[in-house]
Amino acid sequence: MDMGGGHDMGGMMAPPPSPPGGGGGMGMRMRYTHMTFFWGKNSEILFTGWPGADGGMYALALVAVLALAFVLEFLGSRRLDALLPRAAAGGRRRAAAAGAARAGVHALRVGGAYLLMLALMSFNGGVLLVAVAGHAAGFLAFKAGLFGDGRAQVEDGCSKEELETAAC
């Protein structure tokens, strides 16, 4: 079939138009994706059809999002940093192992943050609230002194007492 321009498409034809109403005719149902925040348990978070319309699965999804946000705060805390091996002494092999451990923790933190971002893209208000609550609880636990030395940890690595007017 010559579509103009001298190119022969070898008998290929355009697909038939969709029937009115948007039905694909192959048993596929149309789904609506929210592009604004909404409230309700009928949603999809991370995977097609999950949690669906089941309230128990929605509650499980919210707990998973809360736990992920909490763990992300731990992965970015000084407490974990103190537990990881240092490369100060011990040769090249120890330095490589310490670097690999720190890179692995960093990869987990970034991957988890992207996963949390994808969950937030469900535009469900409940997911947003539990993500913020998980980050707040993790900050309280690991960076504001609940499980630490009592000094608040600022994002750029300076403690509250070390801050000066135009420093850090």
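This report covers helix H1, its surroundings, the salt bridges and the unusual backbone sites of a predicted model.

**Helix H1**

Helix H1 runs over residues 55-75 and has 21 residues. From its first C-alpha to its last it reaches 30 Å, close to the 30 Å expected at 1.5 Å a residue. The UniProt record, an unreviewed entry, places a "transmembrane region" at residues 56-75. In the model, that stretch is 100% helix and 0% strand. Its end C-alpha atoms are 28 Å apart.

At the start of H1 sits a side-chain contact to the backbone. A side-chain oxygen of aspartate 54 comes to within 3.4 Å of the backbone nitrogen of glycine 56.

Which residues of H1 are buried? They are Tyr58, Ala61, Leu62, Val65, Ala69, Leu72, Glu73 and Leu75. An α-helix has 3.6 residues a turn, so residues three or four places apart point the same way. The buried residues of H1 pack against two strands, S1 (43-44) and S2 (51-52). They also pack against three helices: H2 (78-83), H3 (91-120) and H4 (125-142).

**The nonpolar core**

The largest nonpolar core has 16 residues. Ile45, Val65, Leu116 and Val127 have the most contacts inside it. Helices H1, H3 and H4 each supply at least two residues of this core. H1 gives the most, with 7 residues. In soluble globular proteins, nonpolar side chains tend to be buried together.

Leucine 116 shows how the core is connected. Setting aside neighbours within four places in sequence, leucine 116 is in contact with Val65, Leu68, Ala69 and Leu72. Leucine 116 also contacts Ala131 and His135.

**Salt bridges**

The structure holds 2 salt bridges. Side chains of opposite charge can pair when their charged atoms come close. The pairs are listed below.

| Acidic residue | Basic residue | Closest N to O |
|---|---|---|
| Glutamate 73 | Lysine 143 | 3.1 Å |
| Aspartate 81 | Arginine 102 | 2.4 Å |

Lysine 143 forms its salt bridge with glutamate 73. Lysine 143 lies in the segment after H4 and glutamate 73 in helix H1, so this pair ties together parts 70 residues apart in sequence. Are the two partners buried or exposed? Lysine 143 counts as buried, at 7% relative accessibility. Glutamate 73 is also buried, with a relative accessible area of 11%. Beyond neighbours within four places in sequence, glutamate 73 touches His135, Gly138, Phe139, Phe142 and Lys143.

The side chains of aspartate 81 and arginine 102 meet in the other bridge. Aspartate 81 lies in helix H2 and arginine 102 in helix H3, so the pair ties together parts that are 21 residues apart in sequence. Aspartate 81 is partly exposed, with a relative accessible area of 29%. Arginine 102 counts as partly exposed too, at 24% relative accessibility.

**The loop between S1 and S2**

Tryptophan 50 lies in the loop between S1 and S2. Its relative accessible area is 23%, so tryptophan 50 is partly exposed. Not counting residues up to four places away in sequence, tryptophan 50 touches Ser43, Glu44, Ile45, Met57 and Ala61. Tryptophan 50 and alanine 61 are 11 residues apart in sequence. Their C-alpha atoms are 8.3 Å apart in space.

Leucine 46 lies in the loop between S1 and S2 as well. Leucine 46 counts as partly exposed, at 38% relative accessibility.

**Backbone geometry**

Most residues other than glycine have a negative phi, and most peptide bonds are trans. Several sites in this model depart from that pattern.

What is the peptide bond from tryptophan 50 to proline 51? It is cis, with omega near 5°. Proline 51 is placed in strand S2.

Leucine 46 has a positive phi of about 75°, although it is not a glycine. Phenylalanine 123 also has a positive phi, near 60°, and is a residue other than glycine. Phenylalanine 123 is placed in the loop between H3 and H4. With a relative accessible area of 21%, phenylalanine 123 is partly exposed.

**Summary**

H1 packs against strands S1 and S2 and helices H2, H3 and H4 through its buried residues. H1 gives the most to the largest nonpolar core. Glutamate 73 of H1 pairs with lysine 143, in the segment after H4.

Notes. Residues numbered from 1 in each chain as written. Predicted model: local features only at pLDDT ≥ 70, side-chain atom pairs only at ≥ 80, totals over all residues. Heavy atoms only, no water. UniProt positions renumbered as here; feature names shortened; annotations may be inferred. Helix = DSSP H or I, 4+ residues; strand = E, 2+ residues; numbered from the N terminus. Expected span 1.5 Å × (residues − 1). Buried < 20%, exposed > 50% of the residue type's maximum accessible area, 1.4 Å probe, protein only. Contact = heavy atoms within 4.5 Å. Polar contact = N/O pair within 3.5 Å; in protein donor to acceptor, adjacent residues only side chain to side chain. Core = buried A, V, L, I, M, F, W, Y, C linked by side-chain atoms within 4.5 Å. Salt bridge = Lys/Arg side-chain N within 4 Å of Asp/Glu carboxyl O.
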